[in-house]
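Visitor: I would like a close look at a single part of this protein, taken slowly and residue by residue where that is possible. Please choose one helix and describe how its neighbours sit against it.

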Amino acid sequence: MDNGEQLEHVSLNHIDMLARVGHAFSDSTRAQVLLCLARKECLPSELAQRIGVSRQVMSNQLSCLRGCGLVTPRKEGRQVWYSLAHPSLGKAVDDLLVLTRELSPSCCSERQCQCNK
């Protein structure tokens, strides 16, 4: 199925899901969470520490991502692990990161990012 055929089969549900993905990436904390979860399953406390936000902020962001259908919790004893809701989401996250680097190539090279300097 080529792109033209795929577009013929787009429903309002698909468009709604696309909007939810866009909403998830509209916040830098949520985007960082998705990037982390594209690498491995994590605990909320680990995500909060890695990203540098409070546990309450992380709880709110994970709640939003669950509501968007992008992450899923897995309870293990008293701990709750989070992962991406679908394996293809990890590739999509990586592809979006590549796209952002292509759209703003002046700050980054393959070897080093200069964005924070």
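Guide: In this predicted model, helix α3 passes helix α4 in a right-handed crossing. The axes of α3 and α4, the latter covering residues 44–51, come within 10 Å and cross at roughly 115 degrees. On the α3 side the contact is made by T29, Q32, V33, C36 and L37, while α4 contributes L47, R50 and I51. Sorted by class, the residues of this contact of α3 with α4 comprise 5 that are nonpolar, 2 that are polar and 1 that is charged.

One of these residues, T29, deserves a closer look. T29 belongs to helix α3, and because its relative accessibility is 12%, which lies under the 20% cut-off, T29 counts as buried. Leaving aside residues up to four places away in sequence, T29 touches I51, V53 and Q61; I51 is also among the residues that α4 brings to its contact with α3. As a background figure for the burial of T29, 25% of the 117 residues of the protein count as buried.

Helix α3, which spans residues 28–39, also packs with helix α6, which spans residues 87–103, at an angle of about 125 degrees and with the axes 9 Å apart. Since an angle of 65 to 115 degrees would count as roughly perpendicular and one over 145 as roughly antiparallel, α3 and α6 are therefore described as oblique to each other. In this case α3 passes its partner α6 in a left-handed crossing. The residues that make the contact are L34, L35, A38 and R39 from α3, together with G90, V93, D94 and L97 from α6. By class, this contact of α3 with α6 has 5 nonpolar residues, 1 polar residue and 2 charged residues.

To place α3 within the whole chain, the protein has 6 helices and 2 strands, and from the N terminus on its elements follow the order α-α-α-α-α-β-β-α. The two strands, β1 with residues 71–76 and β2 with residues 79–84, run antiparallel and are joined by 6 bridges; in β2, S83 is the bridge partner of T72. Their hairpin has 2 residues between the strands, and G77 there takes a positive phi near 65 degrees. Finally, among contacts in the protein between residues at least 6 apart in sequence, 47% join residues at least 24 apart.

Notes
Residues numbered from 1 in each chain as written. Predicted model: local features only at pLDDT ≥ 70, side-chain atom pairs only at ≥ 80, totals over all residues. Heavy atoms only, no water. Pairing = 2+ DSSP bridges. Helix = DSSP H or I, 4+ residues; strand = E, 2+ residues; numbered from the N terminus. Axes fitted to C-alpha atoms, helices over the stretch in contact; angles between N-to-C directions. Parallel < 35°, antiparallel > 145°, perpendicular 65-115°, else oblique. Left-handed = near helix turned anticlockwise from the far one by under 90°. Contact = heavy atoms within 4.5 Å. Nonpolar A, V, L, I, M, F, W, Y, C, P; charged D, E, K, R; others polar. Buried < 20%, exposed > 50% of the residue type's maximum accessible area, 1.4 Å probe, protein only.
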